[in-house]
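Colleague: I would like a close look at a single part of this model, and then whatever is needed to place that part in the whole. Please take the sequence and structure below as the starting point.

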Amino acid sequence: MKNMSEKKNKINIERIKSTFIVVLSVTAILLLFLLWRNITVDKISRAIESINEEPVIQLYIEPEKLVEYIEPYKGEIKMNGDTYILYDNVTQVWDEFLAFMRNAAKTNGATVSDVLAEDWHEACLGNCIMFTFNFEVSAQDANEMIYKEAYEAFDNVLLTNIMYSLDEPNNIYFFNNKTDIYRRISFDNSDISFINYITSLYELGLPKYYSLEEFYGYGLDSNVFIPYAVSSNVQSYKVREEIEVDEKEIINSLAETFFGEGFDFVRRITETDFSVSYIYQYGQKTLEVSHTGQIVYKEVLGNNRIEDLTSTQQLLEVLSFVEAHGGWQSLKGIVIQPYIKSITPIEAENQMGNRFVFGVREDGHPIYYSNGEIITVDIIGNRVIYYERQIYEEIDSLQYISNSETSKVIAASDIINSNYKEIEKAYEELGKPYESTSEEEIHAEVVKDIKQIEIGYYKLDEASEEGEYLVVPTWVIETSEIIFFYNLKTGRLVDYVVKEVE
Amino acid sequence: MNWSKSKTILIMALIFTNIFLLGSYISLHFQTTGTSVAEDTATVDFLRRSNIYVYDEIPTKIFSLPVLEVEVENVSQDQINEMISQFRIPFPSEVTRDNLLNYVELFLNENNLLEETAILDKITSLGSSYILEYRNKETEKEMFVEESYIICFIENKKIKSVEKKWIKPIKYGSKNQSTIPATTALLKFMSEYDETSAVSITNIEMVYWLDSSYTSEKATSFDTAFPAWEITYNNEKKKYILAY
């Protein structure tokens, strides 16, 4: 009996112990939770703040993507004395050539050497293809970043133009118009696939271009080529600003990308015209969204640590920065076709960097705004100090808005013949009148002054009541001082812009 | 295996763990959220060596505050002058504090110039001239919004001029952030003060401050005020030190 009672007591004690263990375990978990919450809310938020003080651009864009941006602005094919200019269709030809050039450069025995300007010009005389970039490209840097490969033949090859003579299939020529240096890669390669490709293009029939000399015969040594006739489907369309000042949610989400977790403690100022400014600390970083939809971000370099980067590495940082702050499409997601318009050196806070200017194409033709560039980014080392963005998104394509706007396009030569006096007048207004007095001499002077002619779109300045702008297809005639935009369908002057002195 | 003994050991271990966790939690949760008297005294001594004398008690509290979204009222001085010229109510025959206040507030109310959060700060008299100064104290956190004021100047028994700079609190930001202690603000003040003459600090308090050094060609409608330590020194001069 006594044993039974002792056994019962023991079982009770064990039960109490088990309950006690459960209670103590639950209490421990509860205390751990409280402690964790106490630490996370305070300490982690402080840790985030300290991270925010030194923002680092994350690479949102893979280096392989650089291949889409490091491409020529135009290509020029010379075959049997005829010239063909490639603008919107240059990418396809460039891709073929790039593959060929990389194969050639990595062959054993491929060497690079300096050559004279005469060698370049001599090679240009025959059948050849030339690619022109808007910026200086480091062949080795681009090759290493995009393809993770380095070829000895690409060492120190900085270029703005590449030329391949079909008559000299074992040489590729490079020219750098920033330094006036000519180089050549010579290789032992029997691959004629690229020559065959160009020949097949030629046989398919490309629209022929004529030099201004062929048109006018003024004894010009001009590199400007224009087509005799253009059958183009380009047409006017309407756009609106990608952002309007009353779209507060879109503006706030964009602003948040610049200021991160510290966004709640950023000064936000709304002006009476509804422009919004965000200021972080004492103006260390500012973001302005103007009532016209222009977005400008500025950052003071101060004592922030800067990592030295090559211009190709900087390009990748810039692409990533834009991707993270608005993206390579309009803020409402409408896709744009960006290209690099220029890369120029800048100096800020006693440090050297680069300004990257991006343009946008529509159906392969560049779009021009009178009020600045589409995307501009200034970068020092690995830090973006200035970002300006003004994107208009297409809302309506106007199919033949009037009888005059058909597929008929006025030839560039006719535009010059009908408007050379207008061009002369613009120079007079600029305070740099032509010296000639007779009509024939003025015509000759205008023709001699032309640097480039191409088809492009021009956004008109005046907005409709609904805030829509008209974008018209134009002949873009660039002279030494002024860029003229003539309506492609009517031939009338749309606008002209005085070029900025570099 | 002796289960009973194992359970006893486990209970002991859990008791020690819980005591440790509880101790940690208490020390974290109830740790001081301000500066100590010793810190304050050391700061005052340090400032004194730099010719800066603190005659006010230094607040020890560390605040946790959000930003304050405000509406900036742009009042035209010409409009106010016009209102003054139209004001016909006679000046009280007997000058008392209440009479002065009634007189001024009649004018302010008649012209919708008096605001809900305006509180009378002080009345100064200089012979037959009086100055009534209102400050802007928002109601939720009961903190002054600076620099925002209404000042009425009375001269020769009539309102001579009124200066109004008004910042209307709209809403607080959604997140709080700890502020710097007053002692740190005083040290920042010292580092920014570049005159050699002695400084007498008579007041230090936490306010919401709209930095007016930002200038824009366009007028501002909405802005953001930040917590700042307002340091009053040398005869009512004010210096604001941002408190984040």
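Colleague: Which residues does Glu468(A) touch, not counting residues up to four places away in sequence?

Modeller: This is a predicted model. Leaving out residues up to four places away in sequence, Glu468(A) touches Lys238(A), Val239(A), Ile395(A), Glu462(A) and Ala463(A). Glu468(A) itself sits in a loop of chain A, with strand 21 (450–463) before the loop and strand 22 (469–479) after it. Two of the residues touched by Glu468(A), namely Glu462(A) and Ala463(A), therefore fall within the range 450–463 given for strand 21. A further pairing spans the sequence: the C-alpha atoms of Glu468(A) and Arg240(A) are 4.9 Å apart, although 228 residues separate the two in sequence.

That pairing can be set against the contacts of the chain as a whole. Of the contacts in chain A with a separation of 6 or more, 63% are between residues 24 or more positions apart. Chain A contains ten helices and 24 strands. Its radius of gyration is 31 Å, where a compact globule of 502 residues would have one near 23 Å. Along the principal axes, the C-alpha atoms of chain A fill a box of roughly 135 × 65 × 45 Å. Even with those dimensions, 50% of the 502 residues of chain A count as buried. The accessible surface of chain A is about 25,100 Å², and carbon and sulfur atoms hold 50% of that area. As for charge, chain A has 43 positive and 84 negative charges, and the mean positions of the two sets lie 14 Å apart.

A second loop of chain A can be described alongside the one that holds Glu468(A). Asn350(A) lies in the loop between strand 15 (337–348) and strand 16 (351–362) of chain A. Asn350(A) is not a glycine, yet its phi is positive, at about 60°. Most residues other than glycine have a negative phi. Asn350(A) has a relative accessible area of 73%, and it counts as exposed because that value is over 50%.

Helix 4 (residues 139–147) of chain A is mostly covered, with seven of its nine residues buried. Those buried residues are Ala139(A), Gln140(A), Asp141(A), Ala142(A), Asn143(A), Met145(A) and Ile146(A). Their cover includes two other helices, helix 2 (90–105) and helix 8 (311–324) of chain A. It also includes strand 4 (128–138) and strand 5 (158–165) of chain A. Just after helix 4 of chain A comes Lys148(A), with a positive phi near 55°.

Chain B can be read in the same order. Its secondary structure consists of five helices and eleven strands. The radius of gyration of chain B is 26 Å, well over the 18 Å from the globule rule for 244 residues, so chain B is more spread out than a compact globule. Its C-alpha atoms fill a box of roughly 100 × 45 × 40 Å along the principal axes. Of the 244 residues in chain B, 40% are buried. Among contacts in chain B between residues at least 6 apart in sequence, 65% link residues at least 24 apart. The exposed area of chain B is about 13,900 Å², with 52% of it from carbon and sulfur atoms. The 24 positive and 34 negative charges of chain B have mean positions 6 Å apart.

Two backbone details in chain B deserve a look. The peptide bond between Glu146(B) and Glu147(B) is cis, with omega about -10°, and Glu147(B) belongs to strand 6 (residues 144–155) of chain B. Most peptide bonds are trans. The other detail is Asn235(B), a residue other than glycine with a positive phi near 55°. Asn235(B) lies in the loop between strand 10 (220–233) and strand 11 (237–242) of chain B. With a relative accessible area of 76%, Asn235(B) is exposed.

Confidence remains to be stated. The mean pLDDT of chain B is 86, and 95% of its residues score at least 70. Within chain B, confidence is lowest in helix 2 (residues 37–49), with a mean of 82, and highest in strand 5 (residues 129–137), at 92. For the complex, the predictor gives an ipTM of 0.76 and a pTM of 0.79.

Notes. Residues numbered from 1 in each chain as written. Chains lettered and ligands numbered in written order. Predicted model: local features only at pLDDT ≥ 70, side-chain atom pairs only at ≥ 80, totals over all residues. Heavy atoms only, no water. Helix = DSSP H or I, 4+ residues; strand = E, 2+ residues; numbered from the N terminus. Rg over C-alpha atoms; globule rule 2.2 N^0.38 Å. Buried < 20%, exposed > 50% of the residue type's maximum accessible area, 1.4 Å probe, protein only. Contact = heavy atoms within 4.5 Å. Areas by Shrake-Rupley, 256 points an atom, 1.4 Å probe, with all protein chains shown as cover. Lys, Arg positive; Asp, Glu negative; His and termini not counted. Charge placed at Lys NZ, Arg CZ, Asp CG, Glu CD. pLDDT = per-residue confidence, 0-100.
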